[in-house]
Amino acid sequence: MFTIEHEFDATVVTLVDEGQGHLQEDVTINAFEECVTVEQLDPQTERVHKITLSITQINELAAALDLPEGVYRLARNKG
């Protein structure tokens, strides 16, 4: 299950791990104009871990999800 919320300066997507077995903590993705952050609570330390990705990194991640194993470089538009 996931939720999508549009806030003033970001789109926030929260991924909720459902089902049986070992479940992970919710993951919150904040999409800003200049970057994307990914946050998840560490239940052992009660601290939230945050990773910040540039828009270029997000574009490369999106492309990587549809490609086979290998090394790639996305072509940049010079416009």
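A residue counts as buried when its relative accessible area is under 20%. Threonine 37 has a relative accessibility of 6%, so it is buried. This threonine lies in strand E4. The model that holds it is predicted.

What does threonine 37 touch, leaving aside its neighbours within four places in sequence? Its contacts are Thr28, Ile29, Asn30, Phe32, Lys50, Ile51 and Thr52. Strand E3 covers residues 27-31, and strand E5 covers residues 47-54. Keep threonine 37 in view as the strands are laid out.

Now step back to the whole chain. Its secondary structure amounts to five strands and one helix. Read from the N terminus, the order is β-β-β-β-β-α. The chain has a radius of gyration of 15 Å, whereas the globule rule gives 12 Å for 79 residues, so the chain is more spread out than a compact globule. The C-alpha trace spans about 45 × 35 × 25 Å along its principal axes. Of the 79 residues, 14% count as buried. Take the contacts between residues at least 6 apart in sequence: 0% of them join residues at least 24 apart.

Start the walk at the N terminus. Strand E1 spans residues 2-6 and pairs with E2 in the antiparallel sense, over five bridges. A hairpin of four residues links E1 to E2. Across this pairing, isoleucine 4 faces valine 13 of E2.

Strand E2 takes in residues 11-15, and its side chains alternate. Which of them are buried? Val12 and Thr14 point to one face and are buried. Thr11, Val13 and Leu15 point to the other face and are not buried. So valine 13, the residue opposite isoleucine 4, belongs to the face that is not buried by the under 20% cut-off.

E2 also pairs with E3. Five bridges join E2 and E3, and the two strands run antiparallel. Threonine 14 has threonine 28 of E3 as its bridge partner. Threonine 14 is one of the buried residues of E2. Thr28 is in turn among the contacts of threonine 37.

The next step leads from E3 to E4. These strands are antiparallel and share five bridges. They form a hairpin, with three residues between them. Isoleucine 29 stands opposite valine 38 in E4. Ile29 also appears among the contacts of threonine 37.

Beyond E4, which covers residues 35-42, a loop leads to strand E5. Glutamate 46 sits in that loop. What is its phi? The angle is positive, about 60 degrees, although glutamate 46 is not a glycine. Is this glutamate buried or exposed? Exposed means over 50% relative accessible area. Glutamate 46 reaches 58%, so it counts as exposed.

The helix remains. H1 runs over residues 55-64, and alanine 62 is part of it. At a relative accessible area of 44%, alanine 62 is partly exposed. How far does alanine 62 lie from leucine 41, 21 residues away along the chain? Their C-alpha atoms are separated by 24 Å.

Finally, look at surface and charge. The accessible surface of the chain comes to about 6,900 Å². Carbon and sulfur atoms account for 53% of that area. The chain carries 15 negative and 5 positive side chains. The centres of these two sets lie 17 Å apart.

Methods
Residues numbered from 1 in each chain as written. Predicted model: local features only at pLDDT ≥ 70, side-chain atom pairs only at ≥ 80, totals over all residues. Heavy atoms only, no water. Buried < 20%, exposed > 50% of the residue type's maximum accessible area, 1.4 Å probe, protein only. Rg over C-alpha atoms; globule rule 2.2 N^0.38 Å. Contact = heavy atoms within 4.5 Å. Areas by Shrake-Rupley, 256 points an atom, 1.4 Å probe, with all protein chains shown as cover. Lys, Arg positive; Asp, Glu negative; His and termini not counted. Charge placed at Lys NZ, Arg CZ, Asp CG, Glu CD. Pairing = 2+ DSSP bridges.
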